[in-house]
Amino acid sequence: MPPLGPNRFLLWLVISQPRRVLLGATLGSLWMVALTVPPYLLSRAIDDGLADNDPATLSVWVAALFGSAVVNAALSIARHRTMSKIRMEASFQTVSATVEHCVRLGAGLSRRIDAGEIVAIGSGDVQVIAQSLTVTGPGIGAAIGYVVVAVVMFAISPLLAVVVLAGVPVLALVVGPLLRRIERAGAGHREQQGTLTTRLVDVFNGLQVLNGLGGKSVYAARYQHDSQALVAQGYRVGVATSWVDALATGLPAAFLAVVIWLSARMAAEGSITVGDLVAVYGYTAMLVIPVSIFIEFAGDIARARVAARRVTRLLSIPPAKSVGSGLADAPPTASMLRDPASGVEVRPGVSTALAGDRPAESAAIIDRLGGFTASDVTWGDVRLDVVARDQLRRRILVADNDAYLFTGSVRDVIAGRHEPDDPRIRDALHVAVATDVVDALPDGLASTIDPRGQNLSGGQRQRLRLARAVYADPEVLLAVEPTSAVDAHTEAAIATRLCAARRGRTTVVTTTSPLVLDHVDTVIYLVDGVVAATGTHHELLRSRPGYRALVSRGTDEGARR
């Protein structure tokens with residue numbers, strides 16, 4: 001688990017690849033120091049070769065100058081390759097950490113962070129963070145090169161060395177306030193960007209519904225308004241960023257002008273030679289690179305801190321109490337599931353329905369019985385949260401209406417993680433009354449299902465999800481409203497076939513439809529998420545007025561549908 005906090009997270013990315021970072025810092029330092037060699041060689045060629053009219057000595061220094069250029073090119077290539085690997089590794093580490101944590105959060109992820117926030121992290125923050133790690137190579141090299149030039153120039157003129165050393169504090173005073181502004185404005189911009197991305201994801205997911213309700217234009221206008229606000233915030237970030245970029249070019253030029261003016265006056269006075277003047281110009285021109293790097297990397301780190309803060313905010317979300325992470329074995333035979341919070345007891349080998357006036361409460365019970373949320377649920381004599389995960393997921397299956405339909409053939413979608421078997425797949429489709437769905441597709445079982453089943457209607461997607469659950473043939477099937485999106489005729493057929501196909505195996509459904517309730521062995525009537533009565537559908541109709549009103553309302557709604 002990476003450390004939390006933006007600074008510690010960035011440091012973790014650095015120390016997680018120590019050899020590569022050390023190589024990058026070494027190559028960056030060698031490259032930057034090597035840039036100081038050509039001015040020295042050029043000054044020697046002038047003073048020892050041209051000034052003394054010595055062609056042989058001039059040729060030696062020119063050859064050395066050419067050799068230093070070759071070495072610089074080789075170091076630059078090696079440095080660039082190494083830094084590219086460091087950035088790629090940082091991207092991978094960030095993505096890996098966020099994905100692993102999202103997996104740990106499990107089914108509760110969507111309830112604890114917006115989808116747009118995750119999309120924004122993957123599409124923008126990862127690249128910003130990776131870019132900031134360039135400072136470990138050229139950044140360190142720039143600092144070493146700056147000191148080397150100051151030392152060399154001290155040998156030429158202490159005054160010039162003082163001017164060079166004073167340059168960094170001046171840069172900090174000028175650029176520092178802009179960096180703080182970038183960080184503040186960037187945090188607000190990033191917050192708005194995540195919110196807007198979340199809204200866009202929601203609109204895409206509900207586009208068909210919005211079209212049906214005539215609300216597309218309303219949401220489009222709202223999105224446009226928020227988008228313009230994001231643009232305005234982006235301009236505020238851009239103003240500060242543009243000033244930093246401008247200073248990265250302008251300040252080094254001004255710095256160069258000051259040093260050259262001083263050295264030219266000293267050469268005119270005879271304090272330094274013409275060769276020294278050329279060397280000072282070369283050293284100062286070379287300093288444009290580290291000074292620009294200081295400014296550029298300071299901006300990169302400011303933006304990276306904003307991005308890292310978003311990433312660590314996601315990583316700081318604590319997972320729910322781990323379920324299925326223990327080493328205890330599941331009960332050897334079919335056993336009763338008990339949920340103390342609601343009082344629900346599911347007998348093995350029978351079909352059970354949870355009927356309550358609040359579907360969310362029934363779904364929460366299913367999540368607890370399925371081991372997706374922390375609870376005190378027991379399976380036989382064993383607490384569910386200590387059962388080994390592989391055993392839990394192999395024997396208990398939760399069929400949710402929001403379960404994702406990945407793209408692929410109908411055959412692969414129904415088979416899921418199991419080996420496809422066409423006769424069994426067709427049997428599962430028959431149970432889910434989904435044979436007509438496949439028959440209507442151009443290539444039958446080989447037909448392609450779009451991501452999220454976008455080429456299917458809501459009822460068709462629901463029936464394929466149910467067929468997938470039936471095909472898995474788990475010991476315990478927990479289904480949330482498996483018939484809520486189909487008509488009454490289809491619902492009655494599903495109820496009959498599902499109970500027949502699952503006879504002798506534990507099946508729990510949440511529903512208030514009489515067509516389903518009439519086929520199950522036991523109905524558990526819930527009031528405020530707690531068991532109020534248990535019995536058959538007809539027994540509860542006779543004895544519980546509240547139950548009778550609940551299922552009668554479902555009948556009326558089904559008739560209107």
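A salt bridge here is a side-chain nitrogen of Lys or Arg within 4 Å of a carboxyl oxygen of Asp or Glu. The model is predicted.

**Exercise 1. Find how Arg 358, Glu 361 and Asp 528 are linked.**

Solution.
- Start with the residue types: the rule pairs a nitrogen of Lys or Arg with a carboxyl oxygen of Asp or Glu.
- Arg 358, Glu 361 and Asp 528 are linked in a network of salt bridges.
- Now set this in context: the whole structure holds 14 salt bridges.

**Exercise 2. Test Arg 303 and Asp 300 for a salt bridge, then place them in the fold.**

Solution.
- Take the N to O distance: it is 2.9 Å.
- The cut-off is 4 Å, so the side chains of Arg 303 and Asp 300 meet in a salt bridge.
- Next, locate them. Both residues belong to helix 11 (residues 274-315).
- They sit three residues apart there, so about one helical turn separates Arg 303 from Asp 300.
- Last, check accessibility. Arg 303 is partly exposed at 27%, whereas Asp 300 is buried at 9%.

**Exercise 3. Classify the partners in two further salt bridges, Arg 338 with Glu 345 and Arg 383 with Asp 376.**

Solution.
- Begin with Arg 338 and Glu 345: their closest N and O atoms are 3.7 Å apart.
- Relative accessibility is 32% for Arg 338, which counts as partly exposed.
- Glu 345 has 44% and is also partly exposed.
- Turn to Arg 383 and Asp 376: their N to O distance is 3.2 Å.
- Arg 383, at 31%, is partly exposed.
- Asp 376, at 45%, is partly exposed too.

**Exercise 4. Describe the surroundings of Ile 118.**

Solution.
- Place the residue: Ile 118 lies in helix 6 (residues 115-132).
- Its relative accessibility is 27%, so Ile 118 counts as partly exposed.
- List its contacts, leaving out residues up to four places away in sequence: Ile 118 touches Cys 102, Leu 109 and Ile 113.
- Then look further along the chain. Val 311 is 193 residues from Ile 118, yet their C-alpha atoms are separated by 8.9 Å.

**Exercise 5. Count the disulfides, then decide whether Cys 102 and Cys 499 are buried or exposed.**

Solution.
- Apply the cut-off: two cysteine sulfur atoms must lie within 2.5 Å.
- The count comes to zero disulfides.
- For burial, the limit is under 20% relative accessible area.
- Cys 102 has 14%, so this contact of Ile 118 is buried.
- Cys 499 has 18%, so Cys 499 is buried as well.

How values were computed. Residues numbered from 1 in each chain as written. Predicted model: local features only at pLDDT ≥ 70, side-chain atom pairs only at ≥ 80, totals over all residues. Heavy atoms only, no water. Helix = DSSP H or I, 4+ residues; strand = E, 2+ residues; numbered from the N terminus. Buried < 20%, exposed > 50% of the residue type's maximum accessible area, 1.4 Å probe, protein only. Contact = heavy atoms within 4.5 Å.
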